[in-house]
Amino acid sequence: MLELLFCSLFTILPDFLYRRYKQGKRIGREINLFTVWYELRWGITGCTVLTILLITTVFFYHPTSTTVSSYFRTVSILPDTPGRVTEVYVKTGDTVQAGDVIFALDDRQQQAAANAAREKVSEVEAQQAVAEQELQAARATVEQARSTLDHARIELDRNLGLQQRNADAVAQRVIDALDNSVSEKQSALDVALANQRAIEARIETLLPTQRAGAEAALEEAEVALDQRSVRAGIAGNIQQFQLRPGDVVNPFVRPAGILVPKDQQEGVFVAGFGQLTAQVIHPGMIGELACATQPFKIIPVVVDAVQDVIAAGQFRPSDSLVDVNDRGSNPGTVIVRLHPLYEGQAASIPPGSACIANVYTSNYEKYNDPDIGFGQSLLLHMIDTVGILHAALLRLEVVMLPVNQLVFSGGH
């Protein structure tokens, strides 16, 4: 309508003024309902053609999007394993910090496993203490066997010396008996040393391995026990949380609630533009944004990035071929990311707000090209100038937004 009124200023209005004041024709007589078409046919035709050209130029070079929103991230509140709720520590709307317990599940089985693992660790520690005592006893036995062996060797050497000085002084059977005694004592010492080495190996290798295994089992049991307390991974607000003690929670069925993180990327808006405008929109374009949560407020924005793929064309491998006709009803849009031109201007807009946005083509840099002709320069100036119509349309929509929402839409 605004384009039609604008075009009528250059076509219908001059035609009417000429016939009314130059030719002297009067309204209601020469100019009436039956003669208006014939009298203003050239002006009406020119206005229609000019309006169509103007609308095409405005919406092509200065595109608009009515599907703009500042998306935000949510985190599902889920336990690692299914279980029955025993305690609930928060409610909807509460603010939690990272590490705060949200709710707890029945942990009797995990508690029993942790207790068994602790008992296993205590058992290994007790075996370590017993092995230390056994090692001391083995060392004492070795010292005793070595002392006995030394005494037997001294006795054997003494008798051998006596026999060498006087063969008849010591009988050969005594020498043989002492030699056998030394061999027995040597064997006893070897057994005692082997027993000591076995106990040392048990203390240095077997028991530490058993202790490490028991501690690993204990750590695993404590992790499983800790997982029965569902904690917040990041700081945020609890939403849609109606969990009560006695409820059964299963991570494969549904979440227990939603956590909206506090640390959100502020002031980033995502807009969907028609595919025809993909050749016009590029990073760095200046635009304007208006949201329903902040009526009467226009926020200047700049195009931050343009998605180089269209989401409607994505597919996942399956057991059937993709038919393009199945997606013809939803061709998809060009996704554009916008952010405020000045920092902090969008701070008052809640994430998820429904917004509308315009982006404007600017050919300022091309005007300084020495090779540009007069006709091309005039065309570029005209394209840049008509952007003011779209800016006016945006402001008209912002002004009429409360009326449309509260009156014509039933307050929705």
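**A tour starting at S65**

Begin by selecting S65 and T67, where a polar atom of the S65 side chain lies 3.3 Å from the backbone nitrogen of T67; a polar contact is a pair of N or O atoms within 3.5 Å, in which, within protein, one must be able to donate a hydrogen and the other to accept it, and residues adjacent in sequence count only if both atoms are side-chain atoms. Before going further, note that this is a predicted model, in which local features need pLDDT of at least 70 and side-chain atom pairs count only at pLDDT 80 or more, while totals for chains, interfaces and linings use all residues. Residues are numbered from 1 along each chain as its sequence is written, and side-chain values use heavy atoms, with hydrogens and water left out.

Stay with S65 and show its surroundings. Is S65 buried or exposed? S65 is buried, with a relative accessible area of 2%, where buried means under 20%, exposed over 50% and partly exposed in between, with a 1.4 Å probe and protein chains only. If you set aside its neighbours within four places in sequence, S65 is in contact (heavy atoms within 4.5 Å) with A271, G272, F273, C355, I356 and A357.

Next, select residues 64–69, which form strand 1, the place of S65; strands are DSSP runs of E with at least two residues, helices are runs of H or I with at least four, and both are numbered from the N terminus. Add residues 354–360, strand 14, which pairs with strand 1 in the antiparallel sense over four bridges, given that two strands pair if DSSP finds at least two bridges between them. Within this pair, look for S69, which stands opposite A354 of strand 14.

Now widen the view to the sheet, a closed barrel of six strands with antiparallel pairing, in the order 1-10-13-12-11-14. Its neighbouring strands are turned against each other by 40 degrees on average, direction ignored, as judged from lines fitted to C-alpha atoms.

Then select F269, L289 and L338, the residues with the most contacts inside the largest nonpolar core, which has 19 residues; such a core is a set of buried Ala, Val, Leu, Ile, Met, Phe, Trp, Tyr and Cys residues joined through side-chain atoms within 4.5 Å. Strands 10, 11, 12, 13 and 14 are the elements that give two or more residues to this core. Apart from this core lies another, of 15 residues, among them V85, V90, L105 and V249.

Finally, show the protein chain, which has eight helices and 14 strands, and in which buried residues make up 30% of the 412 residues.

Key: Axes fitted to C-alpha atoms, helices over the stretch in contact; angles between N-to-C directions.
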